[in-house]
Every structure is written in C-alpha cells, then in structure tokens.
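User: I would like to understand how the descriptive labels for this model are justified. Please set each value against its definition before you conclude.

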Amino acid sequence: EASAEERRFTELIEADSRVEPRDWMPAAYRKTLIRQMSQHAHSEIIGMQPESNWITRAPSLKRKAILMAKVQDEAGHGLYLYSATQTLGITRDEMMDQLIAGKARYSSIFNYPTPTWADMGAIGWLVDGAAICNQVPLCRASYAPYGRAMVRICKEESFHQRQGFEILLELMHGTDAQKRMAQDAVDRWYWPSLMMFGPPDDDSPNSAQSMAWKIKRFSNDELRQRFVSMLVPQAEVLGVTLPDPDLRWNEERGEYDLGEIDWTEFHEVLAGRGPCNALRLQRRRDAHEEGRWVREAAAAYAKRVAERETE
Ligand code: 3HC
C-alpha cells in the first residue's frame, strides 16, 4: 500500500508537475538526480579545459573575447548545476572531492585534445550543438531546480553553438590549408559528439527509470538521431563532410540512417583510458590546490564576520 507521500509524488509526476526540494521524493529519485546533475556540473567544469588551451592563442581579439566569454559561461553553468544539486542534500565539497578523487563521471567528450584552432569551431558547432539537443528537453525535467537551471543554460548554449558554426564557416571560406584544418577537426569531433548522448537505448541502464520519472524526456538514440538530422543541412552550408560513409536518408523512416558508432572507444574513455583523461583530472587537481588559499581566506573572513555579529 503506497503511503500518502508516495501517492502525492506519483500524482506530481503523472500530472507532469514539478518536484521541489522540500517535496517528499523516493530515495532512488534523489540518488539518480544527484548522480546525473553532479556529473552534468563536473562536465561543465572539465569542459572549460579543452577551450582554455586556445584563449591565449586565439587568431584575433574578437575570437579571444568570444572564447573567454564562452569558457566563463561554462564555469557559471557548472556552479549553477552544483547549486541545484546541493538542494538534494549533497554538499559542494563532497562533489568536488568525488571529482578530484577521480570517482566522479563527467562527459566523455572532454577527454579529447584540441590541437588546432578549428577545434574551437568544431566544439562549438558539434559539442555545444549536441548539448543543446540534450539540454532543451531537460528544461522540463520533473525536478524543478534542474529544469530551471537548464532554461538559463540553454540560452547561453545557443550562442556557444553559433560562434562555433561561424568559426568553421570562416575557415571554410579561407585558404586550402584552413579548409583542411576545419575538415580535420570535424572528422575528429563528429563521432565523440554522438557518444555524448550515451550508450544505445538497449544498453542504457538508467533510461527506463529516468524516463518514468520524467527526468529524461527522450531516449539516448532519439536525441542522437535528432542531432544528426540537424547537422546534415548545416554541414552542407559549411561545405564540410560528416565522416560517416554510411550516413544516408531513409525515405520510409523519414530519418537519416547512421553508421556504426565505435562503442569500444566510448567504454575506453569512460574507463579513464581516453586521450586526455589523466591530463584533465591533473589540471583539475592543480586548480583545486591553487585555489585553496582563496577558499581558506573566504572561510576565515566569514568566521570573523560571524564572530563580530555575536560580539
Ligand atoms: N560520458 C560519460 N558518461 C556517460 C556518457 C558520456 N557521454 N553517456 C552515458 N554515460 C554514463 C552514464 O552516466 C551512466 O553511468 P552512471 O550510472 O555511473 O551515471 C552510464 O554511462 C549508462 O548511461 P545511461 O544512458 O544509462 O545514463 P543516463 O540515463 O544518465 O544518460 C546522459 C546519460 C544522456 C548523459 C544523461 O546523464 C544526461 O542527459 N546528462 C545531463 C546532460 C549532460 O551531462 N551532458 C554532458 C555534456 S556537458 C555539456 O553539455 C557542456 C556544454 O557546455 C558543452
């Protein structure tokens, strides 16, 4: 016999309503939200690294200013999402420590290197483009603080995607060397951006429950398909080729058929054996150490203020 609280929670979910932090929720609902939201926040924080590599090397002041704004946005998205996750009863320090200890997941996509400037275009166009496909439905996640955080983040994400598209468009109207650099970046980022959506639906242990609780609104494969359908016409405008020789329009499906994704690569990256996993974690640990004095100073100051108030 379900308790009154369980019935109320089920009614909220069935009515497509929102669960607020103070509402009763099943422990497993809380747990899967902490899992997904903390990983989402970690992804934003680690996601600053591939791009920060090019802030000091941007080809113009305009590009430098745009890239700095984008990386700053991602820091803000991370802090926003950490705050939303804290409403579920985990502390910021616990989440930080999990990431620093290498115990926390973050998106596989940020474990790839950024050897050329064109990577800034491919990341904006493909990675932020995929993020938008994944994050727009999350604006309607049943957990209200997550949905609200997504609304603000999605607005900034569309600027990220557009500036990436523009970088590639400029390169594709440049010299042959610039065209080759843009195509090379698309070749390297295309398949990893499809992996951002998660494993195939028949290998996605969290999807069924996450969809029943209306956290996940569409399946991994559905969003992946939507993303590729969005990409094809944009690739034509850019004049780049998507590196999938099996990609073709399927008349009766009314969708594009995709080639096989290399899930071995996906599982290798998730196991920490991607091209840059160790580098990304080391950089995060170093930044945490470098920032220790700031945290200690702020805590000492807050303690002094609190003491003065009780004097
Ligand atoms: N990278 C790392 N881990 C991944 C992954 C990926 N690309 N895709 C799936 N996984 C993990 C899942 O976390 C899960 O492991 P866990 O149980 O230990 O958490 C396992 O693989 C099985 O996957 P499931 O499909 O069962 O897991 P989910 O239902 O959580 O679906 C997801 C995965 C679609 C990524 C979902 O978690 C999600 O929508 N997360 C929020 C969005 C997000 O994190 N996006 C990452 C991009 S970061 C970003 O957008 C920054 C922007 O500025 C570019």
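User: Why is Glu-1 called exposed?

Analyst: Glu-1 has a relative accessible area of 94%, and the label exposed is given over 50%, buried under 20% and partly exposed in between, with a 1.4 Å probe and protein chains only; Glu-1 therefore counts as exposed. Please keep in mind that this is a predicted model, in which local features need pLDDT of at least 70 and side-chain atom pairs count only at pLDDT 80 or more, while totals for chains, interfaces and linings use all residues. Residues are numbered from 1 along each chain as its sequence is written, and side-chain values use heavy atoms, with hydrogens and water left out.

User: How do you know that Glu-1 and Arg-7 form a salt bridge?

Analyst: The closest N and O atoms of Glu-1 and Arg-7 are 3.6 Å apart, and a salt bridge is defined as a side-chain nitrogen of Lys or Arg within 4 Å of a carboxyl oxygen of Asp or Glu, so the pair qualifies. Side chains of opposite charge can pair when their charged atoms come close. Arg-7 has a relative accessibility of 40% and is therefore partly exposed. A search of the whole structure gives 17 salt bridges, and Glu-51, Lys-70, Glu-74 and Asp-128 are joined by such bridges into a network.

User: What makes the salt bridge between Arg-63 and Glu-166 a tie between separate parts of the chain?

Analyst: In this salt bridge the closest N and O atoms of Arg-63 and Glu-166 are 3.2 Å apart. Arg-63 belongs to helix 4 (residues 61-86) and Glu-166 to helix 7 (residues 144-172), so the pair ties together parts that are 103 residues apart in sequence. Helices here are DSSP runs of H or I with at least four residues, strands are runs of E with at least two, and both are numbered from the N terminus. The protein chain has 13 helices and two strands.

User: Are Arg-63 and Glu-166 buried or partly exposed, and why?

Analyst: Arg-63 has a relative accessibility of 5% and so counts as buried, whereas Glu-166, with a relative accessible area of 31%, is partly exposed.

User: What supports a salt bridge between Glu-268 and Arg-273, and why do these residues carry their exposure labels?

Analyst: The closest N and O atoms of Glu-268 and Arg-273 are 2.8 Å apart, and the pair is listed as a salt bridge. Glu-268 has a relative accessible area of 32% and is therefore partly exposed, while Arg-273, at 54%, is exposed.

User: Why is Ser-107 called buried, although it lies in a loop?

Analyst: The label depends on accessible area, and Ser-107 has a relative accessible area of 18%, so it is buried. This residue lies in the loop between helix 5 (92-100) and helix 6 (118-138). Leaving aside residues up to four places away in sequence, Ser-107 touches Ser-43 and Met-196, where a contact means heavy atoms within 4.5 Å.

User: What makes Gln-161 a buried residue, and which residues does it touch?

Analyst: Gln-161 has a relative accessible area of 11% and is therefore buried; its place is in helix 7. Not counting residues up to four places away in sequence, Gln-161 touches several residues, including Trp-125, Asp-128, Ile-132 and Met-230.

User: What is notable about the phi of Asp-16 and of Lys-214?

Analyst: Asp-16 has a positive phi of about 60° although it is not a glycine, and Lys-214 likewise is not a glycine but has a positive phi of about 55°. Asp-16 sits in the loop between helix 1 (4-14) and helix 2, and its relative accessibility of 39% makes it partly exposed. Lys-214 is in the loop between helix 9 (207-212) and helix 10 (220-238), and at 21% relative accessibility it also counts as partly exposed.

User: How do you know that the radius of gyration agrees with that of a compact globule?

Analyst: The rule for a globule is 2.2 Å times the number of residues to the power 0.38, with the radius of gyration taken over C-alpha atoms. For 311 residues a compact globule would have a value near 19 Å, and the protein chain has 21 Å, which agrees. Of these 311 residues, 50% count as buried.
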